[in-house]
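Okay, thanks for making time, everyone. I'll put the structure up and walk you through a few spots in it, starting with a small backbone detail and working outwards.

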Amino acid sequence: MSEFLDLEAQDGIRMPWNVIPGTREDAVSCVVPISAIYTPLKSVPDIPVLPYSPLRCRMCRSILNPFSIVDYVAKIWVCPFCFQRNHFPQHYSSISENNLPAELFPQYTTVEYISTAETGPAVPPVFMFVVDTCMIEEEIGYLKSALAQVVELLPDNSLVGFITFGTYVQVHELGFGLLPRSYVFKGANEVTKDQILEQMCFFAGKKKPTTGVIAGTRDGLSSESIARFLLPASECEFVLNSVIEGLQKDPWPVPADQRASRCTGAALSVAASLLGVCVPGSGARIMAFVGGPSTEGPGSIVSKSLSEPIRSHKDLDKDSAPLHDKAVKFYNQIAKQLVHQGHVLDLFACAVDQVGVAEMKVAIEKTGGIVVLAESFGHSVFKDSLLHIFESSDNDLGLSFNGILEINCSKDVKIQGIIGPCTSLDKKSPLSSDTVIGQGNTSAWKMCGLDKKTSLCLVYDIAKKDGSNSIGQAASNQFYFQFLTYYQHHDGQMRLRATTISRRWVSSSDSVQELIAGFDQEAAAVVMARLVSFKMETEADFDPIRWLDRALIRLCSKFGDYQKETPSSFSLSPHLSIFPQFIFNLRRSQFVQVFNNSPDETAYFRMMLDRENVANAVVMIQPSLISFSFQSGPEPVLLDVTAIATDKILLLDSYFTLVIFHGITIAQWRNAGYQDQEGHEVFAQLLKAPHEEADTIIRERFPVPRLVVCDQYGSQARFLLAKLNPSITYNSDNPSPGGDVIFTDDVSFQVFMDHLQRLAVQ
């Protein structure tokens, strides 16, 4: 594994196959698709930042990189993608073998370009807060204190706007400091840009231009009229704080048998149109704080009557959620509008019931937004996550805006699409494959919002039909890939990050051992998880368990060592041996088993899976388990019910939840207060150790995970038991003393492997 981690540290890329099958037929028989998980803004230590413009190939527009062949005498470089010969411009005239520009150094496969002449001045980020007021006083109080903290942390130059909504939408005029003033829109209808221009007096006393799209200061909007609604944080801190301080519960009466009238869709439509009028094309985020389901106007997910429950997975499967499709269509429109403007939608959904994350998913995902799901605005999951976004520390998110990702690859490789937070720019090119997965049919994607962790899964196609070496590739059996990310850095400057990698390809089936040696099982598990989630959402009547099982059986019968028809002879190379375990846990995970989760939770889990890097996604698929005991320091143990012992403390990390689980003996000693007595310092330290470990994880993770502290046989022990391999169930003959049994009819990993071996050797 370590060699794959080193490659990721250098370039932010993990590929399931690091030696690539050379023909289409070989690639299909390898089951796991040829793909890459790329983190465009991964913080790479000592990455060179070059203060000039990149040098591009005349033909394919790829950028000069360490794999280019350079003729120092003739001052010519050959592009590794299209073999075009390019002359170096005048300012490269002093180039020689001993005097190389940084982008040709073999170790600098990832570089950043920052050229002020081309990129223009730095632009401030824009934050538009959209706040729900249909909540109980207590929740509004929690939200007010969280927002007040955020106002202090906002960068001084950032522009801020503020919208509240309930039955109606109110846009607060922060630039009018004498008394609170706001413009009110009806919650039942969508709001267009024209209505905003007209009703919010953008052309007061002036004639409105008759033609052309009106957007921003370029098109005749005075900066004074924009500054009524969007002000630098340093100038409007007082007004903003007084608006937040004055937030009150929506005044409209709510009958006892009805839900509050909440127009989330209309409020987001007003926010999107207002930003589109004032600051199109510059980095802006709509941060929506929602405390319940939308019941009014466009995008509503449930009627006001409490007798009608909010849609469940069963309703969606049976098509008996009448408002669902309409709401998804509405948020699709919002997504299109925001992507066109280059703006992001973030959602903070804090309610005991669902709020409609499943419907909003399309707009959040296509704009690269952040989503946080919690039970209350007073919960640490919400409060700490919100602060994490704005705090500057070593673990800060490094929020960036307005990204465009372009890719280039060798001509025998085509791109099927990307699964992850981005939108296809429909830039058809010879690189686009005919089969489309996720955001496809293009070689360029828009990423309105991205941060240091945002990771995309690119799925490739091998276009070469036969194994014979094609012209030009006879000499080198390398495939080249280049990723260009053009983005607004969090300091406001536009930058271009270029990553170029090469991977060896092997032809025909006699190279099975080489393929195995380059197999990254963690990356493969994450690609399969993203694929299965995507298929579950887009394909009707898709059976995820069957699809995963068949894929695993095909992979094992191609790469396993065995004699035909003898299951006991079956073995897997160490490069593949953990993969079946990942698939076993993926089948049981919340991405595949939607039972006991609401559509909102499932949408949330899948959005997080689709935006996180390999290391984090692996924890979501297969949680890690650490055991603390008197006998030894903290040590990782198998995710199995046999790990439970009366005298141990277990720490389970399933990404969204951290569970500290005390064995029954430890719990009894703790309740008896031994840790406070003299002579029991070791016990006190044992109790503290898992909490310290959990704190370290919580500090680095976003969104902040929920912490559950429980005891063996307690009700919350279910958080741990649900994730463990049920090797001992109520049916087992000899349960271990002091351990636990799991009441389930799920098969254990051992049974799963026995079946796999039997089917793989057929």
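So, this is a predicted model, and I'd like to begin at G368, which comes just after helix α11 and takes a positive phi of about 70°. Now look at the helix before it. Helix α11 covers residues 357–366, and nine of its 10 residues are buried. The buried ones are V357, A358, E359, M360, K361, V362, A363, I364 and E365. Yes, that list includes E359, K361 and E365.

What covers the buried residues of α11? Helices and strands both: the cover includes α8, α10, α14 and α17 on the helix side, plus strands β15 and β16. As a general reminder, an α-helix has 3.6 residues a turn, so residues three or four places apart point the same way.

There's a similar story at α16, residues 579–588. Eight of its 10 residues are buried, so this helix is largely enclosed by the rest of the structure. Those eight are F579, P580, F582, I583, F584, N585, L586 and R587. Their cover includes α14, α15, α18 and α22. Notice α14, residues 521–538: it's among the elements covering α11, and it turns up again among those covering α16.

Let me zoom out for a second. The protein has 22 helices and 28 strands. Its radius of gyration is 28 Å, close to the 27 Å that the globule rule gives for 762 residues, so the protein is as compact as a globular protein of that length. The C-alpha trace spans about 85 × 85 × 60 Å along the principal axes. Buried residues make up 56% of the 762. And of the contacts between residues at least 6 apart in sequence, 72% join residues at least 24 apart.

On the outside, the protein exposes about 32,300 Å², with carbon and sulfur atoms supplying 52% of that. For charge, I get 64 positive and 84 negative side chains, and the centres of those two sets lie 8 Å apart.

Back in. I mentioned β15 as part of the cover on α11, and H343 lies in that strand. Is H343 buried or exposed? It's buried, because its relative accessible area is 0%. Its side chain reaches the backbone oxygen of S282 at 3.2 Å. Leaving aside neighbours within four places in sequence, H343 is in contact with a run of residues including G281, S282 and A284, as well as L338, T367 and C448.

Hold on to G281, S282 and C448, because N402 touches those too, along with others such as G283, G342, Y486, Y487 and M494. N402 lies in strand β17, residues 400–409. With 8% relative accessibility, N402 counts as buried. Its side chain makes a polar contact with the side chain of K446, at 2.9 Å.

Next, helix α19, which runs over residues 664–671 and contains W669. The buried residues here are T665, I666 and A667, and their cover includes β26, β27, α20 and β28. W669 itself counts as partly exposed, because its relative accessibility is 30%. Outside its sequence neighbourhood, W669 touches F630, Y674, Q675 and F683. The C-alpha atoms of W669 and F683 are 9.0 Å apart, with the two positions 14 residues apart along the chain. And just after α19 we have another glycine with a positive phi: G673, at about 80°.

Last bit: backbone oddities. Most residues other than glycine have a negative phi, and most peptide bonds are trans. What joins F702 and P703? A cis peptide bond, with omega about -10°. P703 is found in the loop between α20 and β28, and those two elements are both part of the cover on α19.

Then there are two aspartates. D319 has a phi near 60°, positive without being a glycine, and it's found in the loop between α9 and α10. D319 counts as exposed because its relative accessibility is 66%. D426 has a positive phi of about 50° and lies in the loop between β19 and β20. D426 is exposed too, with a relative accessible area of 59%.

That's my tour. Happy to rotate to anything you'd like to see again.

Note on methods. Residues numbered from 1 in each chain as written. Heavy atoms only, no water. Helix = DSSP H or I, 4+ residues; strand = E, 2+ residues; numbered from the N terminus. Rg over C-alpha atoms; globule rule 2.2 N^0.38 Å. Buried < 20%, exposed > 50% of the residue type's maximum accessible area, 1.4 Å probe, protein only. Contact = heavy atoms within 4.5 Å. Areas by Shrake-Rupley, 256 points an atom, 1.4 Å probe, with all protein chains shown as cover. Lys, Arg positive; Asp, Glu negative; His and termini not counted. Charge placed at Lys NZ, Arg CZ, Asp CG, Glu CD. Polar contact = N/O pair within 3.5 Å; in protein donor to acceptor, adjacent residues only side chain to side chain.
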